[in-house]
Amino acid sequence: MARAALVLPAALLLCLALADRADAARKMVGVYELKNKKGDFSIKVTNWGATLMSVIVPDSKGNLADVVLGYDTIAEYVNGSSYFGALVGRVANRVAKGRFVLDGKAYRLYINDGKNALHGGHRGFSKVIWTVKEYVPDCDSPYITFYYHSFDGEQVSADDDELTLHLFESHRIVLHMLTLKSSAGFPGDLDVYVTYQLYSPYDLSLHMNATALNKATPVNLVNHAYWNLGGHGSGDVLGHLIQVLASQYTPVDQSMIPTGKVAGVAGTPYDLRRLTPVGARINLASGGGAVGYDLNYAVAVHGQGEFTQVAFVRDPASGRAFELWANQPGVQLYTSNWLKDEKGKGGKVYQKYGALCLETQAFPDAVNHPNFPSEIVRPGGVYRHDMLFKFSS
């Protein structure tokens, strides 16, 4: 599959055409800003992948900086493979061997990570166009809501998929995707919504919900923002202080699939219950053949938890910090172990340990581990995932 990398001004709208064999529908992809009344706290998002593109917050001296990694153009998000800021689904993280059994029926998923399915497969929620349902930028708590309808059997085969970018009218891109329904893929139709909203003084909330319309299905939605509180591209985050409020984690094998055990963090490099420099024990942590943190912490082992604080991160140099609150049973800590020479916003080049991700979630591969909290949503049932970032300096 050939892909053309195009660099265009970020402020331009991109016209993308989605077509299957029967008909075509046009959707616009744009960039949307939310800003507080004071003007010192703002975010930008796009309906390509319901992606969080920037978060600008002040430091202890009032200096503003963008604290998430990302790209300058939508074309780079289309071609990117790091999931910068993306809304990942239908099932984020890994599904072992790309298959599972639900209610006696076996389902196969697209394999895109060794022998496993990762982040919804080849064309997950991060690689589709969402509909802008509401955009209310001019109020005390500005917000935007995106909507996506995920169809029964949604899955793209590498043999049946083509993705080409064509430049036309000098400043626009057409993205053409041939998406075929098949017996493989996730079961059932799913209506999905995500809302980004700002609150005073410096709070960012994400509300995700998904309704299963006609079949039981696994659902695990994740926001994949990469955080560097010193400012994106400012160096590594090894000096950031982190606290993860979890006493257990889910060990994994060499392919990053959970073993099924839930183990205590005490006495391991993964014990971050006290405020700890990210780099203090990072050389003792590993996953998938890379040195660094990439694991799921068990915040609640008996199911979806109450809305509670999950983690705290602070950059001593800038004074910026955030508390993370959520209602999910797990949180994935990832320290950008695989980033290398990734060209980002403003000409910055991102490297290993250049950011950290805190992805509240269901346990990885939960659909294949009956002892894990269930991620199955039954017909008529609603999946709910709430996150809150409380910034300070």
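**Exercise 1. Describe the largest pocket of this model by its volume and its lining.**

Solution. The largest pocket holds about 780 Å³ of space, and the model in which it was found is a predicted one. Its lining is made up of 35 residues, of which Ser 81, Ser 82, Tyr 83, Leu 118 and His 119 are the closest to the centre of the pocket. Turning to secondary structure, at least two lining residues come from helix H1 (74-79), and at least two come from strand S29 (330-334). Sorted by character, the lining of the largest pocket contains 17 polar, 10 nonpolar and eight charged residues.

**Exercise 2. Find which residues carry the UniProt annotation "active site", and work out where they lie with respect to one another and to the largest pocket.**

Solution. Begin with the record: the unreviewed UniProt entry gives the annotation "active site" to His 224 and Glu 359. These residues span 136 residues in sequence, yet no two of their C-alpha atoms are more than 6.2 Å apart, so they gather at one spot. The last step is to compare them with the pocket of the previous exercise, and both His 224 and Glu 359 are included in the lining of the largest pocket.

**Exercise 3. Decide whether His 224 and Glu 359 are buried or exposed, and place each in its surroundings.**

Solution. Take His 224 to start with, which is found in the loop that runs between strand S19 (222-223) and strand S20 (241-244). Its relative accessible area is 4%, and because buried means under 20%, His 224 counts as buried. With neighbours within four places in sequence left aside, the contacts of His 224 include Ser 82, Tyr 83, His 119, Cys 357 and Glu 359.

Glu 359, by contrast, belongs to a strand, S32 (residues 357-361). With a relative accessibility of 3%, Glu 359 is likewise buried. Residues up to four places away in sequence not being counted, Glu 359 touches His 119, Val 222, Asn 223 and His 224, and also Gly 330, Val 331, Gln 332 and Tyr 334. His 119 therefore appears in both contact lists, where contact means heavy atoms within 4.5 Å.

**Exercise 4. Identify the residues with the most contacts inside the largest nonpolar core, and examine one of them.**

Solution. The largest nonpolar core consists of 64 residues, and inside it Val 55 and Tyr 297 have the most contacts. Beyond residues up to four places away in sequence, Tyr 297 touches, among others, Val 244, Tyr 249, Leu 272, Gly 330 and Val 331. A second core, separate from this one, has 16 residues, including Trp 48, Met 53, Tyr 226 and Ala 355.

Definitions and conventions: Residues are numbered from 1 along each chain as its sequence is written. This is a predicted model: local features need pLDDT of at least 70, side-chain atom pairs count only at pLDDT 80 or more; totals for chains, interfaces and linings use all residues. Side-chain values use heavy atoms; hydrogens and water are left out. UniProt positions are given in the numbering used here, feature names are shortened, and annotations may be inferred rather than shown by experiment. On a 1 Å grid over the protein atoms alone, a cavity is a set of points where a 1.4 Å probe fits but cannot get out, and a pocket is an open set with protein on both sides within 12 Å along at least five of seven lines; lining residues have an atom within 4 Å of a point. Helices (H or I, at least four residues) and strands (E, at least two) are DSSP runs, numbered from the N terminus. Buried means under 20% relative accessible area, exposed over 50%, partly exposed in between (1.4 Å probe, protein chains only). Grid points are joined across faces, edges and corners, and a volume is the space filled by probe spheres set on the points. Ala, Val, Leu, Ile, Met, Phe, Trp, Tyr, Cys and Pro count as nonpolar, Asp, Glu, Lys and Arg as charged, and the others, Gly among them, as polar. A nonpolar core is a set of buried Ala, Val, Leu, Ile, Met, Phe, Trp, Tyr and Cys residues joined through side-chain atoms within 4.5 Å.
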